[in-house]
Amino acid sequence: MPEVNFDGLVGPTHSYAGLSYGNVASSKNQGALSNPRAAALQGLVKMEAVAALGLVQGVLPPHERPHMPTLRAHGYAGSDAEILALVAQENAVLLARVSSASAMWTANAATVLPSADTEDGRTHFVTANLRAMFHRAIEPAITARALHAIFANPARFTVHEALPPSTSEDYGDEGAANHTRLTASSDNSSHARGVHFFVYGAAQNASRTPTRFPARQTRSASERVAQLARLDSSRCVFAQQNADAIDAGVFHNDVICVGNGNLLFCHEDAFEMRDATLHALRDAVGETLTIIELKREEISLEEVVKSYLFNSQLVTLPDHTMALVCPVECAENPRVKAALDRVVADHPASLSRAIFMDVRESMRNGGGPACLRLRVPLTNADLRVVNQEALLTPAKLAALRAWVMTHYRESLHADDLEDPALLHESRSALDALTRLLALGNIYDFQR
Ligand code: SUG
């Protein structure tokens, strides 16, 4: 069973608005001119390259933006054009927030708990609430609808709504970006039993907390996610993220750690309690676990954040070895490239190669190859009941390219977000897409 990834299609309003405090690239590129068409095409090239490795590739749809229902909920009234003009004048930050194409980063869409590991033998999806950032906290409703439309078979799949606001528990949940599933071999499908590694930045009894940037994932949310799928607690490991790493710009664990099958690739500064964490993982997975840990001398925290080396997709190939699908920025930094070459040379049996992808439009907002995909471990039988129209075939890829060329602009600036024509272009793009992917009417404007 080949690996299955669902990548987020970049939406027509992809822009650089500096919305994510603590995400260094997002802050640095605030106000830059974006190219939504190039961004979407880069994403499709990556999907095509990963599919060419022999993996199954699916897509998740962009969200409706600017999100008019959120503006109306904020008290703006009138026609869409009137509302857009007024909010642009009064509250440009709110307009940027409801316009973000951030749903492209589907590693934050949900946490996936495969059938091999859940009590009821179904694959569970817990939609992430993304509560830490307002522009992302408006994603869960549509994400859940899209997941329902793709994983529709209730005998095999359960899609949970996002964790609600809670008075007793602080449920900040950012989805799969802080969750890693490991197995005893390179088989990462749901034919193999998994160990679930949950990394959080904040907890009620945390030994240390970041002082500069926010910790987005909470331990209580990670625990609740594990409970919802009734995972075996002896096969769950919870660990706190290193507070210094968060303060250096590691806003999700997947910026400093990636795992797959029996391989964990991370930096020595990833976890607050490094030794205990690695021991717990070894105990839970067993002796077949390989941990490749890079030291500060070889690559600093700053280089980790700049290159996004660990935000690579670590994938299992049909020959049972693994490949690392890295951002092209890693090839351009001589120290990072040297570290990568060394790692591949040192582990030929497990890691057979690194390939480099240009996803620069997404990278400028702090989203690398791994952010752009949701990994869904399935069995062969599970895969047969997934909505097949959401899977990438050569014909689907060609149709999606044509769709992007028809509907997407080549440049977008903050000032363009109030243009009612952009809203209409966006809606007609998504309306066409729901037919292309057989999703049904998942968007508010279609209801
Ligand atoms: O949530 N950037 C996203 C990037 C998410 C990356 N995902 C993972 N690491 N899995 C975020 O910070 C920036 C949008 C802007 O500034 O316009 C943004 O939302």
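## A first look at the chain

Let us start inside the model with helix 5, which covers residues 92-99: its buried residues are Leu-94, Leu-95, Ala-96, Val-98 and Ser-99. The cover over these buried residues includes helix 3 (68-73), helix 4 (80-90) and helix 6 (134-137). Please keep in mind, as you look around, that this is a predicted model.

### The whole chain

Stepping back, you can find 17 helices and 15 strands in the chain. The radius of gyration is 20 Å, close to the 22 Å that the globule rule gives for 447 residues, so the chain is as compact as a globular protein of that length. Taken along the principal axes, the box filled by the C-alpha atoms is roughly 65 × 45 × 45 Å.

Of the 447 residues, 61% count as buried. Contacts between residues at least 6 apart in sequence tell you how the chain comes together: 76% of them join residues at least 24 apart. As for the outside, the accessible surface comes to about 16300 Å², and carbon and sulfur atoms account for 51% of this area.

### Charges and salt bridges

The chain carries 40 positive and 50 negative charges, and the mean positions of the two sets are 2 Å apart. The count of salt bridges comes to 32. Here are three of them, each with the distance between its N and O atoms.

| Acidic residue | Basic residue | N to O distance |
|---|---|---|
| Glu-174 | Arg-216 | 3.1 Å |
| Asp-244 | Arg-208 | 3.3 Å |
| Asp-346 | Arg-342 | 2.8 Å |

Take the pair of Glu-174 and Arg-216, joined by a salt bridge. Glu-174 lies in the loop between strand 5 (157-160) and strand 6 (179-182), and Arg-216 in the loop between strand 7 (195-200) and helix 8 (219-228), so the pair ties together parts that are 42 residues apart in sequence. Are these two partners buried or exposed? Glu-174 is buried, with a relative accessible area of 1%, and Arg-216 is buried as well, at 3%.

Now turn to Asp-244 and Arg-208, which also form a salt bridge. This pair links distant parts of the chain, 36 residues apart: Asp-244 belongs to helix 9 (residues 243-247), while Arg-208 sits in the loop between strand 7 and helix 8. Asp-244 is partly exposed, with a relative accessible area of 41%, and Arg-208 is partly exposed at 35%.

The side chains of Arg-342 and Asp-346 meet in a salt bridge too. Both residues are in helix 13 (residues 334-346), and because they are four residues apart there, about one helical turn separates them. Arg-342 counts as partly exposed, at 31% relative accessibility, and Asp-346 is partly exposed at 44%. Elsewhere, salt bridges with shared partners bring Arg-274, Asp-275, Glu-293 and Lys-295 into one network.

### A stop at Ala-192

To finish, look for Ala-192 in the loop between strand 6 and strand 7. With a relative accessibility of 15%, Ala-192 counts as buried, because the cut-off for buried is under 20%. Which residues is Ala-192 in contact with, leaving aside its neighbours within four places in sequence? They are Ala-116, Asp-117, Arg-181, Thr-183 and Asp-187. You can also compare the position of Ala-192 with that of Pro-377: they are 185 residues apart along the chain, and 9.4 Å separates their C-alpha atoms.

Technical notes: Residues numbered from 1 in each chain as written. Predicted model: local features only at pLDDT ≥ 70, side-chain atom pairs only at ≥ 80, totals over all residues. Heavy atoms only, no water. Helix = DSSP H or I, 4+ residues; strand = E, 2+ residues; numbered from the N terminus. Rg over C-alpha atoms; globule rule 2.2 N^0.38 Å. Buried < 20%, exposed > 50% of the residue type's maximum accessible area, 1.4 Å probe, protein only. Contact = heavy atoms within 4.5 Å. Areas by Shrake-Rupley, 256 points an atom, 1.4 Å probe, with all protein chains shown as cover. Lys, Arg positive; Asp, Glu negative; His and termini not counted. Charge placed at Lys NZ, Arg CZ, Asp CG, Glu CD. Salt bridge = Lys/Arg side-chain N within 4 Å of Asp/Glu carboxyl O.
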